[in-house]
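I set down here, in order of inspection, what I looked up in the structure.

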Amino acid sequence: KGKRSPYFEDERRIRMAEAFLQARREPWLLLIHLVDTHCCSEDREEPIRLPDRNVGRLVRFLRDTGQLERTAILVYSDHTPRWGTLGRIPMILVVPGEAGGESVATNVQLADVAPTILELSGIARPEWMSGHSLLRVGDVSRTRPIFSLVELGTNGLVGPEMKVVEDATAPLYGAASAAAIVCEEWVKLTFAANEFDRGVIAGHTAPCGGASRQEGLTLILEDHLRANEYPVP
């Protein structure tokens, strides 16, 4: 436990990113998947509090090469330390020329990343694309439901830390469960057991408060799954 093939080390990824940023003409788009924070922390109760030093290294590189003031930076995670999506995860957006330090109360999601990048690039969002630009998150209702497949089903190891879902066919496409979040409340459906779990996101910074929405949230999740041809109880 805690060992990783050198192919997956973030040091290698950062070197490749620096080479890309040095060689490419503007405009450019670069996505970096950093994984060092995954090592040895899967059983931790709390997330690693220190920021990823590699993010800072890239910011310094952009500053030293004169690109920082022209570069939008979006830092986010796709899951919590325990590989779930029912807890708080970081999403930080820095836009050139914009004042920083503003927090939003509305729940945001990874589906918002692509519309944000398109707006920053001056490209219209396609009609089929879900999500909302984070540049206009003030226009989004605080009670917008956030949907997710919270974990994969059975998978098999096919290489150094590479896995493939063994049953990725309809109707579940390899998913073990699905969830919906509104404000600080969540509902989760485990497909194999046909059972719902309900709870509240710990440490939510802007809870909506008031009466519980979980009964209505269950119906929202069921309707969403049916619309996308997933089975529901």
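**Entry 1: N194.** I began with N194, which sits in the loop between strand 7 and strand 8. I note for the record that the model is a predicted one. I read a phi near 55 degrees for N194, a positive value in a residue other than glycine. Most residues other than glycine have a negative phi. I then asked whether N194 is buried or exposed, or in between. Its relative accessibility is 44%, so N194 counts as partly exposed.

**Entry 2: Y173.** I next looked up Y173, whose place is in the loop between strand 5 and strand 6. Phi of Y173 is near 55 degrees, again a positive value in a residue other than glycine. I found Y173 partly exposed, because its relative accessible area of 43% falls between the 20% limit for buried and the 50% limit for exposed.

**Entry 3: cis peptide bonds.** Which residues does a cis peptide bond join in the loop that holds P171? I found the bond between A170 and P171, with omega about 10 degrees. P171 lies in the loop between strand 5 and strand 6, and Y173 is also placed in the loop between those strands. I recorded a cis bond between E26 and P27 as well, with omega about 0 degrees. P27 belongs to the loop between helix 1 (10-23) and helix 2 (53-64). As background, most peptide bonds are trans.

**Entry 4: aromatic pairs.** How many aromatic pairs does the count come to? I obtained three aromatic pairs, and I followed up those that involve Y230. For Y173 and Y230, the ring centres are 5.9 Å apart and the planes stand at 65 degrees, so I list this pair as edge-to-face. The angle lies over the cut-off of 60 degrees used for that class. This pair links distant parts of the chain: Y173 is in the loop between strand 5 (162-165) and strand 6, Y230 is in the segment after helix 4, and 57 residues separate them. I found Y230 buried, with a relative accessible area of 16%.

For F191 and Y230, I read ring centres 6.2 Å apart and planes at 15 degrees, so the pair is stacked. F191 lies in the loop between strand 7 and strand 8 and Y230 in the segment after helix 4, so the pair ties together parts that are 39 residues apart in sequence. Both F191 and Y230 are buried. I therefore entered Y173, F191 and Y230 as one aromatic cluster, because ring pairs are assigned by centres within 6.5 Å.

**Entry 5: disulfide.** How many disulfides does a search of the whole structure find? I found one. It joins C183 to C208, with an S to S distance of 1.8 Å. The link of C183 and C208 is left-handed, with -70 degrees about the S-S bond. C183 is in the loop between strand 6 (175-182) and strand 7 (185-190), and C208 is in the loop between strand 8 (195-200) and helix 4 (214-227), so the disulfide ties together parts that are 25 residues apart in sequence. I then compared accessibility at the two ends: C183 is buried, at 2% relative accessible area, whereas C208 is partly exposed, at 26%.

**Entry 6: helix 3 and T106.** Which residues of helix 3 are buried? I listed V113, P115, T116 and L118. The buried residues of helix 3 pack against strand 1 and strand 2. Just after helix 3, I noted G122 with a positive phi of about 75 degrees. In the loop between strand 2 and helix 3 (113-120) I looked up T106. T106 is buried, with a relative accessible area of 11%. Neighbours within four places in sequence left aside, T106 is in contact with V137, V140, S141 and R142.

**Entry 7: surface patch.** Which residues make the nonpolar surface patch? I found L31, Y76, I89 and L110, and the patch comes to about 370 Å². Of these I looked further at I89, which has its place in the loop between strand 1 (73-76) and strand 2 (91-94). I89 is partly exposed, with a relative accessible area of 37%.

Notes: Residues are numbered from 1 along each chain as its sequence is written. This is a predicted model: local features need pLDDT of at least 70, side-chain atom pairs count only at pLDDT 80 or more; totals for chains, interfaces and linings use all residues. Side-chain values use heavy atoms; hydrogens and water are left out. Patches are made of residues with over 30% relative accessible area and no salt bridge: like charges are joined within 9 Å, nonpolar side chains (Val, Leu, Ile, Met, Phe, Trp, Tyr) within 5 Å. Accessible areas come from the Shrake-Rupley method with a 1.4 Å probe; for residues, only the protein chains shown count as cover. A salt bridge is a side-chain nitrogen of Lys or Arg within 4 Å of a carboxyl oxygen of Asp or Glu. Helices (H or I, at least four residues) and strands (E, at least two) are DSSP runs, numbered from the N terminus. Buried means under 20% relative accessible area, exposed over 50%, partly exposed in between (1.4 Å probe, protein chains only). A disulfide is a pair of cysteine sulfur atoms within 2.5 Å. Rings of Phe, Tyr and Trp (its six-membered ring) pair if their centres lie within 6.5 Å; planes under 30 degrees apart count as stacked, over 60 as edge-to-face and the rest as tilted. Contact means heavy atoms within 4.5 Å.
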